[in-house]
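This report describes the strands, helices and internal spaces of a protein model. Please keep the sequence and the three-dimensional view at hand while reading.

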Amino acid sequence: MTFFLLLGGIWAQNNRNAKVSGKSAKRGGGAQASDAGHSTPATDSSQRSSRSSGRPADSRQDSAAGTRAAVQQTDEMRLQFLRSAQVTCNDGSAAGFYLKEFRGSRRWLLFLEGGWCCYSKETCDSRYQNTPRLMSSSGWPQTKRGTGLLSSQAEENPHWHNTNLVFIPYCSSDVWSGTGPTPTPAPRTRQGKDKVKERNTNATEYSFMGSLIIREVIKDLIPKGIKQAKVVMLAGTSAGATGVLLNIERVASQLEQLGTEAQVRGLVDSGWFLESKQQRSPNCPETVSCTPEDAIKIGLRLWNGVVPDRCRQLYRGEEWQCFFGHRLYSTLTSPLFIVQWLFDEEQLRVENIYMGGQSLSEEQWQYIQNLGLEIKNSLRDVTAVFAASCLSHTVITKSTWLSFQVKGTSLPRALHCWDRSLEAIRNNRTPAKGCPFHLVDTCQWPQCNPTCPALVDQATQQQLTLLQMLVAMGLDPQKLGLDPEGEADSLASMVRNGG
């Protein structure tokens, strides 16, 4: 009797295990779907897989982990170094790009990373010491995961998630304009801070090849199918955005010579700068306190920099002016979409204005207000633009980019309307009405758009309203003509009227 009871218990336990196994498999499928829609920081796939396989687990857990890793892998861009050994980063290490292919897609998005520049031995040595990833590839991870416009998730990137994504890291320090020679000798790796001190005897030891890197990336993408592209979007943020303006005609010409019928478009995020109002430093270039104009003038010679032909002819002898979008734009023929905060934080830093810092003078506040008006005026003749009255810098690679609106239209929606308009014109159709892509805020002061990114106090890291920040920085809002009640009424009106 005891034997039969034991046998029955074993049979019942096995039956329960089978049911649990079936439920686990179903739950595993649900986890896959959840993980596929979740964006995580860039990690090296090989490291992640070794960690998951290095600890004991039952076969069901191993299977689920392997499936999740496979799903995640499809969202990652993988590093590839250029086949040309002659085109390098500043320190002579191999330049490259990150690629995530979307099989069957004839749309390509090429993204140029930002990060200002260096223009002398002193500034380049300092940059190499403090931010080596912007001058060398030796520390680049094997994979990257995109966010915002570079995301592969439809929830985060509704119109461009299903495209071939190419992220080109910035390691040339020349605003993507350089065609300078490779240094001799050129060390292939960076070996710590002491090595930096040994190698830098003069600034010409660095190579500046930003424009050449873009050309070589496109060459290396030919076997991947870029010759069959229908649309190629060259996008960038900050210095990478200025790089788009400087290189888009050259990219269009290169693709045309390859025989492709692709329409080349440009997306410029936070690279539409105005000339500085600062007094020039008499010691420039001996010090690092050069204005951006002086830095570019000096840098152009060091980088052997190139600018678009029509702009070069227009500003012969003063080619530095071609680095400013409001001067360059009218000389370009490729379609461009300009994304620009009207109160760009980097533009303010050039004037030594730091919102959320220690103090702010009434003169600086006046400069801030004037800046919004000047940028707005400079964008008047731009066909496609999204310009919100916000204090911020860059937007298209932020995971929150869906939330920003101008006149009731989000940035992804405006980009989609622009896409549709270009396709309609290309196919001799009339563009659809009610789908806007020239969107500039009409309110006159910073943060008056209710969808603006929050302001953060640098000392406390607390979020503040504009009025709270001005008070914290020593100003009286009423003396500045800002009325808290009036501001609230204006914001309510903006929300009702769509921006």
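Two strands are said to pair if DSSP finds at least two bridges between them, and the elements themselves are DSSP runs numbered from the N terminus, with helices (H or I) of at least four residues and strands (E) of at least two. The model is predicted, so that local features need pLDDT of at least 70 and side-chain atom pairs count only at pLDDT 80 or more, whereas totals for chains, interfaces and linings use all residues. Residues are numbered from 1 along each chain as its sequence is written, and side-chain values use heavy atoms, with hydrogens and water left out.

## The sheet

Ten strands form an open sheet with mixed pairing, in the order E4-E1-E2-E5-E3-E6-E7-E8-E10-E14. Strand E4 (143-145) and strand E14 (438-440) stand at the edges with a single partner strand each, so one side of each is left without a neighbour in the sheet. From one strand to the next the twist averages 20°, where axes are lines fitted to C-alpha atoms (for helices over the stretch in contact) and angles run from 0 to 180 degrees between N-to-C directions.

Several pairings within this sheet, each with one pair of opposing residues, are set out below.

| Strands | Sense | Bridges | Opposing residues |
|---|---|---|---|
| E1 (residues 76-81) and E4 | antiparallel | three | Met 77 and Lys 144 |
| E2 (residues 96-100) and E5 | antiparallel | three | Leu 99 and Val 166 |
| E3 and E5 | parallel | five | Phe 111 and Phe 167 |
| E7 (residues 263-269) and E8 | parallel | four | Leu 267 and Phe 337 |
| E8 and E10 (residues 384-387) | parallel | three | Phe 337 and Ala 384 |

In a regular strand the side chains alternate between the two faces of the sheet. Strand E5 (residues 164-168) has five of its five residues buried (under 20% relative accessible area, with exposed meaning over 50% and partly exposed in between, for a 1.4 Å probe and protein chains only), so E5 is largely enclosed by the rest of the structure. Asn 164, Val 166 and Ile 168 point one way from E5, while Leu 165 and Phe 167 point the other way. Strand E8 (residues 336-339) can be read in the same manner, with Leu 336 and Ile 338 directed one way, Phe 337 and Val 339 the other way, and all of them buried. Phe 337 in E8 is the bridge partner of Leu 267 and also stands opposite Ala 384 in E10.

## Helices around the sheet

Helix H13 (residues 411-426) lies across strand E3 (107-112), strand E6 (231-237), E7, E8, E10 and E14, and runs at about 155° to E7. Helix H6 (residues 210-220) has nine of its 11 residues buried, so H6 is largely enclosed by the rest of the structure. The buried residues of H6 include Leu 212, Ile 213 and Ile 214, and also Glu 216 and Asp 220. Among the elements that cover them, through contact (heavy atoms within 4.5 Å), are E1, E2, E3, E5 and H7.

Helix H8 (residues 292-303) is likewise mostly covered, with nine of its 12 residues buried. Among these are Pro 292, Glu 293, Asp 294 and Trp 303, and what covers the buried residues of H8 includes helix H11 (345-350). Just after H8, Asn 304 takes a positive phi of about 55°.

## Pocket and cavities

Rolling a probe the size of a water molecule over the atoms shows where empty space is left. On a 1 Å grid over the protein atoms alone, a cavity is a set of points where a 1.4 Å probe fits but cannot get out, a pocket is an open set with protein on both sides within 12 Å along at least five of seven lines, and lining residues have an atom within 4 Å of a point. Grid points are joined across faces, edges and corners, and a volume is the space filled by probe spheres set on the points.

The largest pocket holds about 900 Å³ of space. Its lining comprises 34 residues, of which Trp 116, Cys 117, Pro 292, Glu 346 and Val 350 lie nearest the centre of the pocket. Helix H4 (121-130), helix H7 (239-257), H8 and H11 each supply at least two residues of this lining. By class the lining has 17 nonpolar, 14 polar and three charged residues, where Ala, Val, Leu, Ile, Met, Phe, Trp, Tyr, Cys and Pro count as nonpolar, Asp, Glu, Lys and Arg as charged, and the others, Gly among them, as polar.

The count of cavities of 30 Å³ or more comes to two. The second largest cavity, with a volume of about 30 Å³, is lined by Cys 417, Arg 420, Ser 421, Pro 431, Ala 432 and Cys 435, which divide into four nonpolar, one polar and one charged.
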